[in-house]
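Work through the exercises below with the sequence and the 3D view at hand. Each task is followed by a solution in steps.

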Amino acid sequence: MKENWMKQLLTDIGRIAGAEKTSHYQVTVLPQILADFYKMLQGLQAGKEASEQYRMEDGSMEIRLRGIKQADGMVKITSAGAYTVR
């Protein structure tokens with residue numbers, strides 16, 4: 001089952017890019033973005049939160065992620081969304 005933040009992100013991407021392109025983002029674009037964000041979270045001190053914005057090369061949208069490195073050292077994305085760039 002997908003996390004709520006991932007469901008929201010895919011819904012936003014579908015709204016902006018169209019349903020037919022959502023799977024492309026899910027398979028091609030998001031894994032790289034998520035790997036980068038998880039790496040950044042792992043570098044934080046325990047208990048710290050961070051957010052990051054990723055703009056698509058074609059300027060079509062921006063993906064915003066927020067997460068935390070928990071006290072036990074585990075990292076977790078807490079929210080995500082895609083937004084049109086103005």
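pLDDT is the predictor's confidence in each residue, on a scale from 0 to 100. The structure used here is a predicted model, so confidence is taken up at the start.

**Exercise 1. Find where in the protein chain confidence is lowest and where it is highest.**

Step 1. Begin with the whole chain: the average pLDDT is 95, and 99% of the residues score at least 70.
Step 2. Then go by element: helix 2 has the lowest confidence, with a mean of 95, and strand 2 has the highest, at 98.

**Exercise 2. State which pattern the protein chain follows along the sequence, and judge its compactness from the radius of gyration.**

Step 1. Count the elements: the chain has two helices and three strands.
Step 2. Read along the sequence, they give the pattern α-α-β-β-β.
Step 3. Compare the radius of gyration, 13 Å, with the 12 Å that the globule rule gives for 86 residues; the two are close, so the chain is as compact as a globular protein of that length.
Step 4. For the outer dimensions, the C-alpha atoms fill a box of roughly 40 × 30 × 20 Å along the principal axes.
Step 5. For contacts between residues at least 6 apart in sequence, 43% join residues at least 24 apart.

**Exercise 3. Work out the strand order of the sheet and how the strands are paired.**

Step 1. The sheet is open, has three strands in the order 1-2-3, and its pairing is antiparallel.
Step 2. Strand 1 (49-55) and strand 3 (75-83) are the edges, each pairing on one side only.
Step 3. On average, neighbouring strands are turned by 15° against each other, direction ignored.
Step 4. Take strand 1 and strand 2: seven bridges join them, and Glu52 has Leu65 of strand 2 as its bridge partner. These two strands form a hairpin with six residues between them, and Gly59 in its turn has a positive phi of about 75°.
Step 5. Take strand 2 (residues 62-69) and strand 3: eight bridges join them. Ile68 is bridged to Lys76 of strand 3, and Arg66 stands opposite Ser79. This hairpin has five residues between its strands, and Gly73 in the turn has a positive phi of about 95°.

**Exercise 4. Describe how helix 1 and helix 2 pack on the sheet.**

Step 1. Helix 1 (residues 4-17) touches strand 2 and strand 3, and its direction makes about 15° with that of strand 3.
Step 2. Helix 2 (residues 19-42) touches strand 1, strand 2 and strand 3; here the angle is about 35°, taken with the direction of strand 2.
Step 3. Check the burial of strand 2: six of its eight residues are buried, so strand 2 is largely enclosed by the rest of the structure.

**Exercise 5. Identify which residues of the largest nonpolar core touch the most other members, and where the largest share of this core comes from.**

Step 1. Recall the general tendency: in soluble globular proteins, nonpolar side chains tend to be buried together.
Step 2. The core holds 22 residues, of which Leu9, Ile13, Leu30, Ile63 and Leu65 touch the most other members.
Step 3. Helix 1, helix 2, strand 1, strand 2 and strand 3 each supply at least two residues, and the largest share, seven residues, is from helix 2.
Step 4. Follow one member: the residues that Ile63 touches, beyond four places away in sequence, include Leu9, Ile13, Leu30, Ile33, Tyr54 and Met56.

**Exercise 6. Decide whether Arg15 is buried or exposed, and give its distance from Tyr83.**

Step 1. Locate Arg15: this residue is in helix 1.
Step 2. The relative accessible area of Arg15 is 55%. The cut-off for exposed is over 50%, so Arg15 is exposed.
Step 3. Arg15 and Tyr83 are 68 residues apart in sequence, and their C-alpha atoms are 9.5 Å apart in space.

Terms used. Residues numbered from 1 in each chain as written. Predicted model: local features only at pLDDT ≥ 70, side-chain atom pairs only at ≥ 80, totals over all residues. Heavy atoms only, no water. Pairing = 2+ DSSP bridges. Helix = DSSP H or I, 4+ residues; strand = E, 2+ residues; numbered from the N terminus. Axes fitted to C-alpha atoms, helices over the stretch in contact; angles between N-to-C directions. Contact = heavy atoms within 4.5 Å. Core = buried A, V, L, I, M, F, W, Y, C linked by side-chain atoms within 4.5 Å. Buried < 20%, exposed > 50% of the residue type's maximum accessible area, 1.4 Å probe, protein only. Rg over C-alpha atoms; globule rule 2.2 N^0.38 Å.
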